[in-house]
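Trainee: Could you take me closely through one part of this chain, beginning with a single residue and working outward from there? I should like to know what surrounds it and how exposed the neighbouring segments are.

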Amino acid sequence: MKNNNKYNLTATLKHPEIEQMLTNLTGVSRVGAVAESSCVTCENTVGDFKDELSEKEYTISGMCQECQDSVYAGDWEL
Ligand SMILES: [Zn+2]
């Protein structure tokens, strides 16, 4: 009983923590960016996505097609 309560509390608290981590990481609120159809990385308005997977990825990462391509191609200039 006590363990179950503890587990549920942990699961509930994970989401805000992850949101905060992503916000800190990108410097932009991911939820806010997706709501405005803008990209968290380049801050441009997002255009079309090449497939459903990329579109879904946008709702997760908040990155436009171009930024997703550069991330997955591995040519980040840091
Ligand atoms: Zn972008």
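Mentor: Beyond its neighbours within four places in sequence, C67 makes contact with C39, T41 and C42. The model in which these contacts appear is a predicted one. C67 and C39 both belong to the largest nonpolar core, a set of eight residues. The other members of that core are A33, V40, V46, Y58, M63 and C64. Membership in such a core requires that a residue be buried, and burial is limited in this chain: 13% of the 78 residues of the protein count as buried.

It helps to place the core within the overall fold. The protein contains four helices and zero strands, so that, by the way in which helices and strands are numbered from the N terminus, the order along the sequence reads α-α-α-α. Of the contacts between residues at least 6 apart in sequence, 23% join residues at least 24 apart.

The loop between α2 and α3 deserves a closer look, and S37 is one of the residues found there. Its phi is near 55 degrees, which is a positive value in a residue other than glycine. Which residues does S37 contact, leaving aside its neighbours within four places in sequence? They are T45 and V46, and V46 is itself a member of the largest nonpolar core. A second core residue, M63, can be related to S37 by distance: the two are 26 residues apart along the chain, and their C-alpha atoms are separated by 9.7 Å. Is S37 itself buried or exposed? S37 counts as exposed because it has 12 C-beta neighbours inside 10 Å, and the cut-off for an exposed residue is 12 or fewer.

E43 lies in the loop between α2 and α3 and has a positive phi, near 65 degrees, although it is not glycine. E43 is exposed because 12 other C-beta atoms lie within 10 Å.

Two further positions of this loop can be related to residues later in the sequence. D48 is in the loop between α2 and α3 and is exposed, with 8 other C-beta atoms within 10 Å. From D48 to E66 the C-alpha to C-alpha distance is 10.0 Å, for a sequence separation of 18 residues. K50 is likewise found in the loop between α2 and α3; its 10 other C-beta atoms within 10 Å make K50 exposed. The C-alpha atoms of K50 and Q65 are separated by 7.4 Å, with the two positions 15 residues apart along the chain.

Helix α3 covers residues 52-61. One of its ten residues is buried, so the helix lies largely in the open. Y58, which falls in the range 52-61 of α3, is listed among the core residues. Just after α3, G62 adopts a positive phi of about 80 degrees.

Towards the N terminus, S29 sits in the loop between α1 and α2, the latter being residues 30-35. S29 is partly exposed because 16 other C-beta atoms lie within 10 Å, a count between the limits of 12 or fewer for exposed and 20 or more for buried. Ten residues separate S29 from E19 along the chain, and their C-alpha atoms are 8.0 Å apart.

Confidence should be weighed when these details are read. The mean pLDDT of the protein is 77, and 76% of its residues reach 70 or more. Where is confidence lowest, and where is it highest? The lowest is in helix α1, residues 2-26, with a mean of 63, while the highest is in helix α3, at 90.

Definitions and conventions. Residues are numbered from 1 along each chain as its sequence is written. This is a predicted model: local features need pLDDT of at least 70, side-chain atom pairs count only at pLDDT 80 or more; totals for chains, interfaces and linings use all residues. pLDDT is the predictor's confidence in each residue, from 0 to 100. Helices (H or I, at least four residues) and strands (E, at least two) are DSSP runs, numbered from the N terminus. A nonpolar core is a set of buried Ala, Val, Leu, Ile, Met, Phe, Trp, Tyr and Cys residues joined through C-beta atoms within 7 Å. Two residues are in contact if their C-beta atoms, placed from the backbone, lie within 7 Å.
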